[in-house]
Every structure is written in structure tokens, then in C-alpha cells.
Protein chains: 2
Amino acid sequence: MPYELWYWPGTPGRGEFVRLSLEAGGIDYIDQSFEQPDALMTDIKTRVPEPFAPPYLVADDLVIAQVANILLYLGDEHGLAPKDKAGRYFAHQVELTITDMTAEAHDTHHPVELMSYYEDQKPEAKRRAADFRDNRISKFMGWFERALERSSGDWMTGGKWCYADLSLFQLVDGIRYAFPKRMKALEGDWPKLIALYDRVAKLPELQDYLGSDRRQPYGDGIFRHYPELDAA
Amino acid sequence: MPYELWYWPGTPGRGEFVRLSLEAGGIDYIDQSFEQPDALMTDIKTRVPEPFAPPYLVADDLVIAQVANILLYLGDEHGLAPKDKAGRYFAHQVELTITDMTAEAHDTHHPVELMSYYEDQKPEAKRRAADFRDNRISKFMGWFERALERSSGDWMTGGKWCYADLSLFQLVDGIRYAFPKRMKALEGDWPKLIALYDRVAKLPELQDYLGSDRRQPYGDGIFRHYPELDAA
């Protein structure tokens with residue numbers, strides 16, 4: 001049976017980290033955000049255990065939620081991460097750091113009320129976005145760069161891509177969309193990270209997907225572009 | 001060789017989630033926040049790969065960072081989680097949800113500038129804390145309660161505690177410290193979760209630790225009590 005991926009329709013969001021690994025791994029799956037775009041909130045209530053939030057992956061009797069957990073599972077089952085301990089846990093460590101930065105990117109437009117509109121928290125968003133631009137982007141991206149410098153190959157865990165490399169591509173892509181001016185000013189500091197981004201963009205395994213309609217444009221999701229939150 | 005746990009001295013913080021599993025598992029380790037309290041920032045730079053942030057665990061040649069990743073490792077190596085797929089990934093899913101709630105609890109006192117003082121962001125903290133009290137505490141704790149209702153035993157993954165149960169104890173403990181009035185008003189909604197808290201507090205494996213000086217008082221860490229941020 002193919003996997004089922006359940007996520008909000010209409011935005012790449014957190015689901016995109018999972019899609020990239022499914023696609024690059026050549027893994028058979030049904031993307032329910034396209035197949036049953038109105039069924040998510042009904043479906044989630046029927047699952048045991050019920051996920052806290054989308055995305056979740058259904059694998060026969062298994063229901064797995066939390067992006068990093070789904071990728072850990074896909075890594076184990078489909079060889080999308082090294083099998084040795086050092087590589088396996090380091091791939092997951094990188095993924096969890098990507099998760100942290102993604103949450104912080106989200107909080108730049110929702111710093112004080114998670115369920116309200118951005119428009120209801122613009123002054124606070126301005127302050128949080130300035131902190132993110134001035135302190136956090138370099139701290140995270142600089143760490144990824146140093147990790148790549150210490151890798152034995154071109155990828156995070158050596159000579160072959162793992163799921164965390166694909167997620168890193170998506171993270172850079174999302175932060176570029178949200179903060180284009182700031183990223184342009186900083187990217188020269190991370191040559192290995194940007195080279196990794198370019199290599200993922202050209203992976204033969206991903207060409208069909210990245211050129212298709214299934215690779216959705218950004219919008220009102222986690223990565224948002226508000227010009228007033230960006231600056232060089 | 002015993003493990004080395006490296007974390008900031010003087011506060012339970014995120015390190016406490018790791019300590020509880022090491023202690024309850026009867027695992028030999030050196031807590032460097034007591035043994036070498038001034039050495040953390042020097043040590044972290046010598047590690048390959050260098051962790052993004054403490055806590056990190058040193059296991060001979062392995063260096064593992066990110067709380068959930070450390071617990072995944074300890075779970076695998078020391079039987080602190082089920083071995084079957086469903087239980088293993090669900091324990092990790094619960095742990096990652098605890099990680100999310102912990103980060104949100106932190107952001108109630110640091111909503112807009114992560115490296116500045118609380119005193120520099122009090123109005124924003126007031127708004128974020130109100131949102132956390134009114135919407136987020138119930139959303140998270142209610143989910144843990146429902147997960148326990150669906151468990152085949154008293155614990156998250158059945159009849160035996162796993163690392164996520166210990167972390168859940170620490171989460172409830174920390175949120176109680178930070179938001180005592182709000183927790184008192186809500187706790188009646190989560191009978192299974194509170195019963196789990198009480199069972200962990202009485203685990204024979206943890207009595208020595210919980211009664212010792214190594215179980216540190218809260219302070220200026222992740223879980224902070226500011227009376228102006230709490231309300232019933």
C-alpha cells in the first residue's frame with residue numbers, strides 16, 4: 001500500500017519537508033492535500049493515535065506525526081539516512097535544528113498570538129523579525145555551514161544526500177522567500193550551504209517534482225513574505 | 001566509560017529531561033554541569049560535530065545534541081522505549097510535542113528578542129503569556145490526556161514507562177512552576193496526565209535523585225515564574 005501524506009492544502013508549509021524526501025526517495029505515496037483537500041480535519045480525528053497537528057504519514061497500521069519523526073521513519077525504512085550510529089543520530093540532530101529554525105521563522109509573523117492574524121500583531125512582529133534577521137539567521141545558517149565544513153563529503157553526513165540535506169534545501173528556500181534582502185546580504189558567508197542548496201535543486205531524483213504543479217508556491221503558510229519585516 | 005552530560009549549570013532547563021531518563025534508567029553518567037560548571041563553552045567548541053546548543057551527551061566517540069535526539073538514543077541503547085515500530089515512533093512523537101510546548105513556554109517570557117532580558121519585552125510577554133494560558137496549555141495538555149486515554153496501559157506507550165513519560169512529568173512540573181494559578185484551574189480536566197505525574201514522582205528508580213541536591217530548583221531558565229504572567 002502506498003503511504004498517505006496528510007497536510008493542509010494550498011501551501012508547502014511543513015508538509016514540504018516530507019514531500020521532498022518521499023519524492024527524492026522514489027517512494028510511493030498519496031498526497032491527500034491534493035486528493036482529498038477537504039478531508040483533513042475529519043480524517044485526523046479518526047486516527048489512533050490522533051496526531052497533535054498535520055503533517056502526518058499513514059503507513060498501513062502506523063500513524064506517524066511530527067516532521068522530524070516522519071523523516072526518521074522514512075530514513076530508517078528507505079535508506080534516506082546513514083545506518084551507522086554517528087550518521088543516523090547526526091542526521092536527526094540536523095533535522096531537529098531545522099525544525100527549530102522553521103518554528104522561529106513562523107514566529108516572526110506570529111510572535112504573540114498563534115491563532116490570530118498577522119495584522120493583529122504587526123508591531124511585535126516587526127521586533128521579532130528584526131531579532132531574527134540580526135541574530136538568528138546567521139546563528140543557524142552559520143552552524144549548518146560549519147557542520148558542512150566538517151563533513152567528510154559534500155553532504156551533511158558524507159558523500160550521499162540524506163533527508164536532512166533535502167530539508168536544508170527547503171529551509172534555505174523558505175527563508176529566501178520570506179527575507180530576500182537579508183539573505184542576499186548574508187549568503188556569501190555560507191558557500192558550502194548554498195552549494196548544497198544548488199545541488200539539491202539539480203538532483204535528478206527531484207527534477208520531475210520540482211518542475212510540477214505539486215511543488216506549490218509559498219503563501220500564507222509558515223514562510224511568508226511581508227516586505228516590512230525584511231531589510232538588508 | 002560513563003556518558004558525559006553537558007549543560008548550563010544552575011538551572012534544570014532542558015538538561016533536566018535528559019537527567020530524568022539517565023537517572024530512572026540507572027545509567028552511568030557524569031553531570032558536567034556539576035563537575036565542570038565553568039567548562040561548557042570551552043568544551044562545546046572542541047566537539048565534532050559541534051552541537052548547536054546544550055544539552056549534549058558524549059558517548060565515547062559520539063556527540064549527540066537536541067534533547068529529543070539524546071532521548072531517542074538512550075531509548076534505543078538502554079530500553080527506555082518500546083522496541084516495536086508503533087511504540088518507538090510514538091514515544092518520539094510525544095517527546096517532540098513536549099519539545100514544542102517547552103519552546104512555547106520559553107517564548108512567554110521571551111516573545112520578541114531571544115537574547116535580551118525579559119524586562120525589555122514585558123508588554124509583549126504579557127500578550128504571549130495570555131495566549132499561552134488561554135489557548136496553548138489546554139491544547140497541549142488535552143492532547144497528552146487523550147493519548148493516555150487511548151493507551152493500552154497507564155503509560156504513554158502501554159504498561160511500562162518510557163522516556164516520554166518522564167519528560168511529561170518534567171513538562172507538567174515546569175508549567176506548574178511557571179503558571180500555578182492557571183494550572184490549578186485546568187488540571188481537573190486531565191486526570192490521567194496528573195495520575196501519570198504522580199506515578200513518576202513516586203517511581204522507585206527516581207527517589208534518590210528527586211530527593212537529592214542534583215534535582216535543582218527552577219530559576220531564570222526555560223520555566224520561569226513571573227506573577228504578572230499568570231492568572232487563573
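Me: Before we look at chains A and B, what is a polar contact?

Reply: A polar contact is a pair of N or O atoms within 3.5 Å; within protein, one must be able to donate a hydrogen and the other to accept it. Keep in mind that this is a predicted model. Between chain A and chain B, 29 residue pairs are in polar contact, with both partners at pLDDT 80 or more.

Me: Which parts of chain A supply the side that touches chain B?

Reply: Four elements of chain A each give at least two residues to that side: strand E4 (62-65), helix H4 (67-78), helix H5 (85-107) and helix H6 (122-149). H5(A) has the largest share, with twelve residues. Sorted by kind, the residues on this side of chain A are 21 nonpolar, seven polar and 20 charged.

Me: With charged residues there, how many salt bridges cross the interface of chain A and chain B?

Reply: The rule finds twelve salt bridges across it. One you can look up is between the side chains of Arg128(A) and Asp107(B), at 3.7 Å from N to O. That pair qualifies because the cut-off for a salt bridge is within 4 Å.

Me: How do I read the extent of the interface, and how many residues of each chain are in contact?

Reply: You can look at residues and at area. In contact are 48 residues of chain A and 48 residues of chain B. The area buried between the two chains is about 4,500 Å², and carbon and sulfur atoms give 53% of that. Phe52(A), Tyr89(A) and Arg127(A) supply 19% of the area that chain A buries against chain B, more than any other three residues.

Me: How are the two copies related?

Reply: Here is the general idea: two copies of a chain are related by a rotation about an axis and a shift along it. In this model, a turn of 180 degrees and a shift of 0.0 Å along the axis lay chain A on chain B with an RMSD of 0.0 Å. That is the relation of a two-fold axis. To find the axis, go to Pro111(A): among the C-alpha atoms of chain A, that of Pro111(A) is nearest, 3.0 Å from the axis.

Me: Why do we say that the copies meet through the same surface?

Reply: Because 100% of the interface residues of chain A are also interface residues in chain B.

Me: What does UniProt place at residues 1-82 of chain A?

Reply: The unreviewed entry gives "domain: GST N-terminal" there. This span is 40% helix and 18% strand. The same kind of record has "domain: GST C-terminal", also from an unreviewed entry, covering residues 91-221 of chain A. Residues 91-221 are 63% helix and 0% strand, with end C-alpha atoms 25 Å apart.

Key. Residues numbered from 1 in each chain as written. Chains lettered and ligands numbered in written order. Predicted model: local features only at pLDDT ≥ 70, side-chain atom pairs only at ≥ 80, totals over all residues. Heavy atoms only, no water. Contact = heavy atoms within 4.5 Å. Buried area = accessible area lost by both parts, 1.4 Å probe. Polar contact = N/O pair within 3.5 Å; in protein donor to acceptor, adjacent residues only side chain to side chain. Nonpolar A, V, L, I, M, F, W, Y, C, P; charged D, E, K, R; others polar. Least-squares fit on C-alpha atoms with pLDDT ≥ 70 in both. UniProt positions renumbered as here; feature names shortened; annotations may be inferred.
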